[in-house]
Amino acid sequence: MPSADFEVVILGAGMSGLCMAVQLQRAGIHDFLVVEKSAGIGGTWWDNRYPGAQVDVPAPAYSFSFAPNPHWTHRFADAPEILRYQQDIAARHGLQAHLRLGQAVTEAHFDAAAGLWRLGLADGQQISARFFVCSLGPLSRPRWPDIPGLDSFQGRRLHSARWPADADLAGRRIGVIGTGSTAAQLVPALAPAAARLSVFQRTPNWVLPRLDRRYGALDRWLARRPWYAALVRRAWVQVLELGRRGFDEGTLARRGLQAAVVGHLRRQVKDPILRERLTPRYPVGCKRIIYSNDYYPALSLPQSELVTSAIRAVTPRGVLTEDGREHELDALVCATGFDTVRPLAGLRVSGLDGRTLDKAWSNSPSAYFGLTVPGFPNCFLMLGPNTGTGHTSTLLYIEPQVQHAIACMQRVRQEGRRWITVRADAFAAQDAAVQQRLAGSIWTQCSSWYRNDDGRIFAIWPGFTREYVKAVSRPDPAAYELA
Ligand code: NAP
């Protein structure tokens with residue numbers, strides 16, 4: 001069999017890329033390369049450096065089972081702490097030697113005759129690999145709003161996911177477009193020092209309290225005991241899993257969830273008119289729930305204004321709304337999310353017969369348990385279609401995905417085969433089962449980044465995390481065929 005430059009090439013050095021690298025080593029596969037377009041590791045945590053960026057699940061559950069972190073300073077870790085956690089994992093496992101940073105992969109095609117992936121890098125180099133792991137992350141392509149005149153704005157225009165290190169907005173008139181999880185963290189961070197802050201809301205979101213607390217010396221001492229770290233992690237995983245019930249109509253958990261969001265709004269926003277404007281018209285959980293104690297209070301500051309008149313255009317001086325008002329601004333912050341329908345970011349991936357993943361996904365992305373696509377042998381997606389979660393830590397999905405992919409790789413290696421690919425019928429049956437389960441769910445009752453223009457829900461896993469873990473950790477041999 002022709003030899004490859006690397007046994008495995010991993011695209012992306014975010015959480016899933018790092019997890020894959022560590023687990024490959026544990027499986028005895030040391031011949032791998034991690035290619036990352038950014039100048040550092042971290043993935044979404046490298047990209048999202050806007051003020052106030054934090055994770056919204058408790059840090060013990062936002063840690064890998066094999067890498068507990070006794071250094072968390074808060075229950076909800078902030079972006080710099082998470083980045084340090086990732087750097088620490090890379091250092092402890094000697095991953096630096098396997099990293100190629102600041103390098104983008106522009107093209108990947110499967111050479112069926114050789115049974116190899118051939119990858120084109122941005123600097124013109126070509127490398128080959130037996131297995132290709134695509135861990136780009138579902139939230140990696142910033143989406144700018146399609147508003148007329150956006151480019152005409154003469155002040156400073158920023159996207160939350162590409163926050164420049166020199167952006168000092170203190171004393172400025174700031175506009176924020178968007179009211180999702182990102183805006184809910186940015187707004188409280190920007191509001192106190194702003195001369196004026198206008199938050200342009202197209203759709204309000206449901207907000208839950210953030211049950212944060214500082215981890216003291218005792219917590220950190222205890223967290224160094226492996227049994228304690230494992231216990232706390234397991235406890236949080238169970239608590240979050242219970243929260244999944246809150247997404248099912250008619251359950252006690254759902255009634256509790258509804259009461260919690262309504263109560264939080266009532267407690268934090270005393271002005272009935274503002275409260276009315278902040279009340280969503282869709283069921284809680286349909287869009288990603290926000291966890292914040294300071295978003296509503298920030299909107300109630302004297303310098304803040306919630307603008308609910310729709311945006312007509314961006315002008316050189318600011319934002320023109322449908323009520324005819326021009327909001328003059330020095331800086332316009334777009335917290336408008338990510339292009340989740342086209343996650344490949346212009347990367348051309350072609351499989352058997354030259355068919356591209358873009359073509360296979362022309363309607364919307366789909367994959368067998370979010371992992372493998374028929375006709376794309378030896379290729380594994382991390383956090384692929386329908387593996388997103390609205391109730392728990394995404395790391396709980398990464399670990400079984402990595403196990404699944406490595407088990408497939410080992411099967412090819414041990415059986416002396418050239419490649420492994422998911423069977424079209426297994427993929428179709430699994431995809432249909434997921435879509436059937438999503439039909440009529442609460443996620444169908446609003447528009448969100450979980451859905452495409454046709455309404456198909458392509459991003460979220462409909463069930464409990466334990467169901468996913470059970471189905472994915474050990475690949476069903478009958479679902480795959482080998483060449
Ligand atoms: P998002 O949830 O997609 O929110 C984008 C916001 O921009 C929405 O409010 C949207 O309004 C608005 N918007 C988009 N285009 C617009 C336009 N043309 N005019 C007016 N408004 C427009 O994006 P995000 O807040 O960046 O969050 C994305 C995901 O990242 C989250 O759901 C979460 O999974 C993750 N995240 C997590 C954390 C964390 O704490 N761990 C923090 C940030 C982000 P509509 O709702 O009307 O579309």
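A residue counts here as near the ligand if one of its heavy atoms lies within 4 Å of it. The model is a predicted one, and the description below takes the ligand site before turning to two of the sheets.

**The ligand and its shell**

In this predicted model, 25 residues surround the ligand, and T179, T182, T203, K287 and W449 are those that come nearest. Sorted by class, the shell consists of 9 nonpolar, 10 polar and 6 charged residues. Both domain 1 (6-141 + 339-482) and domain 2 (150-213 + 243-334) contribute at least three residues to the shell, while helix α4, which spans residues 181-190, supplies the largest share with 3 residues.

Three polar contacts to the ligand are set out in the table, with the protein atom described beside the ligand atom that it faces.

| Residue | Protein atom | Ligand atom | Distance |
|---|---|---|---|
| D56 | backbone N or O | nitrogen | 3.2 Å |
| T179 | polar backbone atom | oxygen | 2.9 Å |
| T182 | side-chain N or O | oxygen | 2.6 Å |

Taken alone, the ligand exposes 900 Å², of which the protein buries 87%. T179 and T182, both listed in the table, are also among the residues that come nearest to the ligand.

**The parallel sheet**

Strands of a sheet pair through backbone hydrogen bonds, and they may do so in a parallel or an antiparallel manner. One open sheet is built from 5 strands in the order β7-β16-β8-β9-β12, and its pairing is parallel. The edges are taken by β7 (156-159) and β12 (304-307), each of which has a single partner strand, so that one side of each is left without a neighbour in the sheet. On average, and with direction ignored, neighbouring strands of this sheet are turned by 20° against each other. At the β7 edge, 4 bridges join β7 to the parallel strand β16 (residues 331-334), and H159 stands opposite C334 in β16.

**The antiparallel sheet**

Another open sheet has 3 strands, which follow the order β13-β14-β15 with antiparallel pairing. Here β13 (311-314) and β15 (326-328) stand at the edges, and because each has a single partner strand, one side of each is left without a neighbour in the sheet. From one strand to the next, the twist averages 25°. Strand β13 pairs with β14 (residues 318-321) in the antiparallel sense over 3 bridges, and the bridge partner of A313 in β14 is L320.

Key:
Residues are numbered from 1 along each chain as its sequence is written. This is a predicted model: local features need pLDDT of at least 70, side-chain atom pairs count only at pLDDT 80 or more; totals for chains, interfaces and linings use all residues. Side-chain values use heavy atoms; hydrogens and water are left out. A polar contact is a pair of N or O atoms within 3.5 Å; within protein, one must be able to donate a hydrogen and the other to accept it, and residues adjacent in sequence count only if both atoms are side-chain atoms. Accessible areas come from the Shrake-Rupley method with a 1.4 Å probe; for residues, only the protein chains shown count as cover. Helices (H or I, at least four residues) and strands (E, at least two) are DSSP runs, numbered from the N terminus. Ala, Val, Leu, Ile, Met, Phe, Trp, Tyr, Cys and Pro count as nonpolar, Asp, Glu, Lys and Arg as charged, and the others, Gly among them, as polar. Domain bounds come from an automatic or database domain assignment. Two strands pair if DSSP finds at least two bridges between them. Axes are lines fitted to C-alpha atoms, for helices over the stretch in contact, and angles run from 0 to 180 degrees between N-to-C directions.
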